[in-house]
Amino acid sequence: MRQPPVLTAEQAAALIPDGATVSVSSSSAIGLPEKVLAAIGEHYQATGHPKQITSLHCINSGDMSDGLEGSNHLAKPGLLKRIIGGSYPAGPSAMPKPPVRQMLEDNQIEAYMIPSGLMYQMHRAAAAKQPGVLSDVGIGTYLDPRVEGGRMNDVSPELVRLMEVDGQEWLFLPAIDVDVAIIRASTADPYGNLTYEDEATALGALDIAYAAHNNGGIVIAQVRRLSQTKHPAREVEIPGILVDAVVVDPEQRQVAGIVYDPAIAGAELKSLDEIDMVEFGVQKVIARRAAMELAQHDTANLGFGVSANVPRIMLEEGLHGEVTWVIEQGPVGGFPVTGKPFGAAYNPDAIVRSSDQFTLLQGGGIDIALLSFMEVNGDGDVNVSLMPSATHVTAGVGGFADITAHARHLVFSGQFTAGRKELKLGDGRLEIVQDGKISKFVPEIAQITWSGRVGNERGQKVLYVTERCVLELRDDGPTVVEIAPGVDLQRDVLDKAGIPLAVADDLKLMDARIFTDEPMGLKLKAPRRPLIQA
């Protein structure tokens, strides 16, 4: 049997030819082949090669807050020609703008933002020698060529095309042949078979490896360790026939801020007694109201931001396990990890490939998605992907467009205004002493990440949950359906919105228990589907 060589990161970097299309499998720090990416940047600095490469990242590579540069290692003039990503390096506004962001904003490179699930499918299409992907994900959003076409600057040619098949509109995204795949695993055996026993998820490494291998390219695998014996077949995630070179990095981190936690890998059970509850405040108020939309036995997707607190609300209420969380990176069930390691889960029931998870998500196979919003306009369109004043504050679209395309029930959560504010919470009510000066309900949003018009056409049930009111998307736009006790509808809601808001005839008060600093006695809704009886 063939035995791929074990190389240094520098030797692996030297394998990449000029003009290559290089695909990297990672999600922030999860699965990040940091050592190989760093070596590519260093090799270019020393030799001038490889030059003019195209870099593909289905989900962002690197974590600014954890000191992992990821795709920024490639952000050198002459090295990088084009980048196509589901998301991009992000961090606090106080941090310097990442080099890759600076280059694309300065029109030094071509750049595109394609939803992560679609990018995985583009790899599968390339591997199968198909022309591309036909999908309705992203219709009416920034991805639609009638809006932005996924282009991130002025020097990027058109990539996405609008097509009509049998009277229905579709977006066509071309397959992109891959010359080099850079993936990460836990252990390589002498024959290049890869296992993922330490990893939070395998992401889409197999699809990326297929795309390179079937194109006559090479696959470079970074691993934590080598095994001297052949892996048991059932444990192999990537077969050795696809692997051309192995690089060992015993220091690679499992997720951001964590070298290794067996509960994230599904190897041990973690006591959830160690989980900190959400501190009483605005974030908790919003997460509580979002949690009230859950039903028993729901399969629920969870997004980054305020919604990531909902599992901790459920835990505090004694409801952990009543719903099953699915995260785009691959975990199914368990307890989603919050903060920098988001995308992983403690005690998961299963860890599937991210590329397969997106099949569930794109096809509307979940009951509800709890996500965030940054801006909302009068049509109910949502922006989560672009903050023009500090573009690196948000990572971009990620899997948001894939998730929201056909989910039957969407809950977008966020604060009603932005900026410095003083709110008094407690005793079942909210008092707004000083409000933020920036409205988040505005006439024009910076980028359409989800289309309210398309959502209405598809019959999606949509709520916007804030600390002072709840709005529902109706035919005439976002409509106020609930208001917090202690809040004045005209002064605190209608006058603080940058757009006219409709008000429901049967306007209700938000549940007072949300605004009390003690467990609220949350009860989930009845199951959406009857259980099959034996």
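What follows is a walk through the sheets, helices and a few individual residues of this structure, which is a predicted model.

The parallel sheet makes a good place to start. Strands of a sheet pair through backbone hydrogen bonds, and the pairing can be parallel or antiparallel. Here, 8 strands line up in the order S1-S14-S12-S9-S2-S3-S4-S5 to give an open sheet with parallel pairing. Its edges are strand S1 (6-7) and strand S5 (110-113), each of which pairs on one side only.

Strand S9 (180-184) sits between S12 and S2 in that order, and S9 is mostly covered, with 5 of its 5 residues buried. Val-180, Ile-182 and Arg-184 point one way from S9, while Ala-181 and Ile-183 point the other way; all are buried. On one side, S9 runs parallel to S2 and is joined to it by 3 bridges, with Val-24 having Ile-182 of S9 as its bridge partner. On the other side, 5 bridges join S9 to S12, again in parallel, and Ile-182 stands opposite Ile-220 in S12. Ile-182 therefore turns up in both pairings, as the partner of Val-24 and as the residue facing Ile-220. The chain of partners carries on from Ile-220, whose bridge partner in S14 is Ala-245. Strand S12 (residues 218-223) and strand S14 (residues 245-248) run parallel and are joined by 4 bridges.

Two helices pack on this sheet. Helix H2 (residues 34-47) touches strand S2 (21-24), S9, S12 and S14, and its direction makes about 120 degrees with that of S12. Helix H5 touches S2, S9 and S12, with its direction at about 155 degrees to that of S9.

There is also an antiparallel sheet. It is open and has 3 strands, in the order S6-S8-S7. Strand S6 (132-135) and strand S7 (161-165) are the edges, each pairing on one side only. From one strand to the next, the twist averages 35 degrees. S6 pairs with strand S8 (residues 168-174) in the antiparallel sense over 4 bridges, and one residue to look at here is Ser-135, whose bridge partner in S8 is Leu-171. Helix H4 lies across S6 and S8, running at about 135 degrees to S6.

H4 comes up again with helix H9 (residues 354-362). In H9, the buried residues are Ser-354, Ser-355, Gln-357, Phe-358, Leu-361 and Gln-362. Looking down the axis of H9, these buried residues fall within an arc of 150 degrees, so they line one face of the helix. The elements covering them include helix H4 (116-127), helix H5 (205-213) and helix H10 (400-404), along with strand S15 (299-302), strand S16 (324-326) and strand S17 (331-332). Just after H9, Gly-364 takes a positive phi of about 70 degrees.

On to the aromatic rings: a search of the whole structure turns up 7 aromatic pairs. Ring pairs link Phe-400, Phe-412, Trp-450 and Tyr-464 into a cluster. Elsewhere on the list of ring contacts, Lys-270 lies over the face of Tyr-346, at 4.7 Å from the ring centre.

Tyr-346 is also one of the contacts of Gly-334. Gly-334 is found in the loop between S17 and strand S18 (335-336). At 13% relative accessibility, Gly-334 falls under the 20% cut-off and so counts as buried. Setting aside neighbours within four places in sequence, Gly-334 is in contact with His-320, Trp-325, Tyr-346, Asn-347, Pro-348 and Asp-349. Val-376 is another matter: Gly-334 and Val-376 are 42 residues apart in sequence and 32 Å apart in space, C-alpha to C-alpha.

Val-487 is a second loop residue, placed between strand S31 (477-483) and helix H12 (489-494). Its relative accessible area is 11%, so Val-487 is buried. Apart from neighbours within four places in sequence, Val-487 is in contact with Leu-430, Ile-432, Arg-468, Asp-492 and Val-493. Of these, Arg-468 is 19 residues from Val-487 in sequence and 6.7 Å from Val-487 in space, C-alpha to C-alpha.

Note on methods. Residues numbered from 1 in each chain as written. Predicted model: local features only at pLDDT ≥ 70, side-chain atom pairs only at ≥ 80, totals over all residues. Heavy atoms only, no water. Buried < 20%, exposed > 50% of the residue type's maximum accessible area, 1.4 Å probe, protein only. Arc of directions from axis to C-beta. Contact = heavy atoms within 4.5 Å. Phe/Tyr/Trp six-rings, centres within 6.5 Å; stacked < 30°, edge-to-face > 60°. Lys NZ or Arg CZ within 6 Å of the ring centre and 35° of its normal. Pairing = 2+ DSSP bridges. Axes fitted to C-alpha atoms, helices over the stretch in contact; angles between N-to-C directions.
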